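Work through the exercises below with the sequence and model open. Try each task before reading its solution.

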Amino acid sequence: MPNGKPNILFIMTDDHAAHAMSCYGSRINQTPNLDRIAGNGMRIDNCFCTNSICTPSRAAILTGTYNHTNGVTTLSTPMDKNKLTFPKLLRRNGYQTAVYGKWHLGEGRKDDGHKYYPDGFDDWAVVPGQGLYHNPEFIFENGRRVVEGYATDIITDMSLDFLKKRDTEKPFCLLCHHKAPHRSWEPDAKHADLYEDMEIPYPETFNDDYSNRASAASAAEMRVADNLYEHDLKVQIPEGLSPEEEKKWKYQRYIKDYLRCIASVDDNVGRLLDYLDAEGIYDDTIIVYTSDQGFFLGDHGWYDKRFMYEESLRMPFLISYPKEIKAASVSKDMILNIDFAETFLDFAGLPIPSFMQGRSFRSILNGQTPADWRKSMYYRYWMHKAHHNVYAHYGLRTHDYKLIYYYSDALGTEGSVDESYEPEWELFDLRKDHCEMRSVYNRPEYAHIVKELKDELHAMQSDLGDDRYCKDVD
Ligand code: CA
């Protein structure tokens with residue numbers, strides 16, 4: 001192992017929900033190569049993002065901080081390259097570092113001094129914005145050019161090239177960031193016919209009518225039935241279908257393409273694992289597979305993310321490192337995206353900067369949960385009605401309950417309250433209602449729970465420094 005430090009291979013996809021991975025018990029697909037990572041290491045069942053949207057989650061991962069701290073609160077708040085990130089710290093301490101694929105933290109321009117370019121990497125190539133699946137353009141340090149091929153293959157090829165050219169005397173930290181399976185869900189030719197002759201099962205909450213909750217759920221415009229259009233699905237919807245038939249038809253089209261994109265990711269993860277095996281460095285390498293957030297896979301009749309609801313909040317997180325992590329182990333401890341940076345620094349034997357707000361979970365990976373490990377987490381989504389008409393909200397999740405407040409403050413800007421919307425609370429009893437179909441906020445028997453959770457929420461906002469604009473009301 002170079003310098004006694006482990007290599008880090010961090011594979012992150014975009015919008016890949018844990019319930020579309022067979023190692024997480026998927027009912028709808030198989031992911032044999034992702035399952036290899038889980039089989040050789042640990043599957044974390046309660047890994048959550050602190051804001052379920054691309055750019056903010058990526059900033060949280062790189063800096064180990066919440067979005068109110070790093071300032072990357074929305075899709076249009078890029079990350080200044082001067083921010084301190086874990087790859088920068090690793091590079092300063094002898095790691096060779098690289099990132100390939102989706103960056104989505106802003107695009108560099110000459111006139112702004114490439115303020116939002118990836119920084120802290122020996123080599124990088126990233127797609128502009130969301131990037132394309134076929135023949136994507138890439139931004140390189142020395143300019144832009146189109147690379148022929150399929151994005152998932154290309155990003156893996158670039159990652160493999162970096163590994164082949166690496167200095168074997170130094171440890172590496174490689175970020176392999178796929179575009180897939182983000183919309184527009186365009187599979188490659190190899191997987192185009194997968195699932196063609198079968199019907200993918202429907203989720204339990206496919207026909208949710210959004211009753212018994214705050215109005216936010218019914219107001220959201222992310223319904224498979226009503227908000228997935230022909231241009232999203234890139235196909236003409238057949239005529240003469242009943243509304244129920246059309247909803248099912250759209251779901252099948254959407255979910256099959258989504259799963260086909262994942263099948264290509266799975267193949268390409270296999271290529272990387274095979275390379276590490278062949279090089280004899282599998283055991284010296286921390287391998288992570290995650291996604292920037294979860295996704296609704298027809299759950300609640302939806303596609304997309306943003307909400308603090310389970311399918312969107314939960315990130316898949318698989319990690320293998322045979323030197324420390326027991327094979328086929330599972331953790332139920334609560335891990336957040338702001339913990340990743342601290343954990344990698346810990347493994348590299350480096351101090352964790354005081355500005356970081358997460359905590360290394362290395363001991364959990366070793367099978368020892370610290371007695372004072374967190375039992376609740378804070379979430380905040382800032383983009384009030386910006387996309388899919390999802391209301392801004394924050395909340396607290398414990399192992400048993402989830403409290404959500406839709407606070408009606410546009411983009412978290414002080415004073416910009418949305419007068420058209422009366423703030424609302426929701427409380428879910430996850431022990432009895434894991435699908436979050438019934439808010440029990442107003443039930444008298446939960447009054448003491450509401451009080452406890454509100455106190456904890458406010459204390460957490462104060463501790464974390466996010467109490468500036470949050471003045472919730474009963
Ligand atoms: Ca995403």
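**Exercise 1. Find the salt-bridge partner of arginine 431, and state how buried that partner is.**

Solution. Arginine 431 pairs with aspartate 429 in a salt bridge, with the closest N and O atoms 3.1 Å apart. A salt bridge here is a side-chain nitrogen of Lys or Arg within 4 Å of a carboxyl oxygen of Asp or Glu. Next, check the burial of the partner. Aspartate 429 has a relative accessible area of 2%, so this residue is buried. Buried means under 20% relative accessible area, exposed over 50%, and partly exposed in between (1.4 Å probe, protein chains only).

Before going on, note the ground rules. The model is predicted: local features need pLDDT of at least 70, side-chain atom pairs count only at pLDDT 80 or more, and totals for chains, interfaces and linings use all residues. Residues are numbered from 1 along each chain as its sequence is written, and side-chain values use heavy atoms, with hydrogens and water left out.

**Exercise 2. Place aspartate 429 in its sheet, and describe that sheet.**

Solution. Start with the strand order. Four strands form an open, antiparallel sheet, E11-E12-E13-E14. Strand E14 spans 424–429 and stands at an edge, as does strand E11 (376–381). Each edge strand has a single partner, so one of its sides is left without a neighbour in the sheet. Helices (H or I, at least four residues) and strands (E, at least two) are DSSP runs, numbered from the N terminus. Two strands pair if DSSP finds at least two bridges between them.

Now the geometry. Neighbouring strands of this sheet are turned by 10° against each other on average, direction ignored. Strand E13 (residues 401–406) is joined to E14 by six bridges. Leucine 403 stands opposite leucine 427 in E14.

Last, the packing. Helix H13 (residues 447–464) touches E11, strand E12 (393–398), E13 and E14, and its direction makes about 115° with that of E12. Axes are lines fitted to C-alpha atoms, for helices over the stretch in contact; angles run from 0 to 180 degrees between N-to-C directions. Contact means heavy atoms within 4.5 Å.

**Exercise 3. Which residues coordinate the calcium ion, and what is the arrangement of the donors?**

Solution. List the donors. They are Asp14 (OD), Asp15 (OD), Cys54 (SG), Asp292 (OD), Asp292 (OD) and Gln293 (OE1), at 2.2 to 2.7 Å. Donors are N, O and S atoms within 2.8 Å of the metal (3.2 Å for Na, K and Ca); water is not among the atoms, so sites may look incomplete.

Then take the angles. The six donor atoms subtend 52 to 160°, which makes the arrangement irregular. Along the chain, the spacing is D-D-x38-C-x237-D-Q. Aspartate 15 lies in the loop between E1 and H1, and cysteine 54 in helix H2 (residues 54–63), so this pair ties together parts 39 residues apart in sequence. Both aspartate 15 and cysteine 54 are buried.

**Exercise 4. Which salt bridge does aspartate 14 form, and which parts of the chain does the pair link?**

Solution. The side chain of aspartate 14 meets that of lysine 102 in a salt bridge (2.2 Å, N to O). Aspartate 14 sits in the loop between strand E1 (7–13) and helix H1 (32–40), while lysine 102 belongs to strand E3 (residues 96–102). The two are 88 residues apart. Aspartate 14 and lysine 102 are both buried.

Conventions: Tetrahedral: all angles 85-135°; square planar, octahedral: opposite > 155°, others 65-115°.
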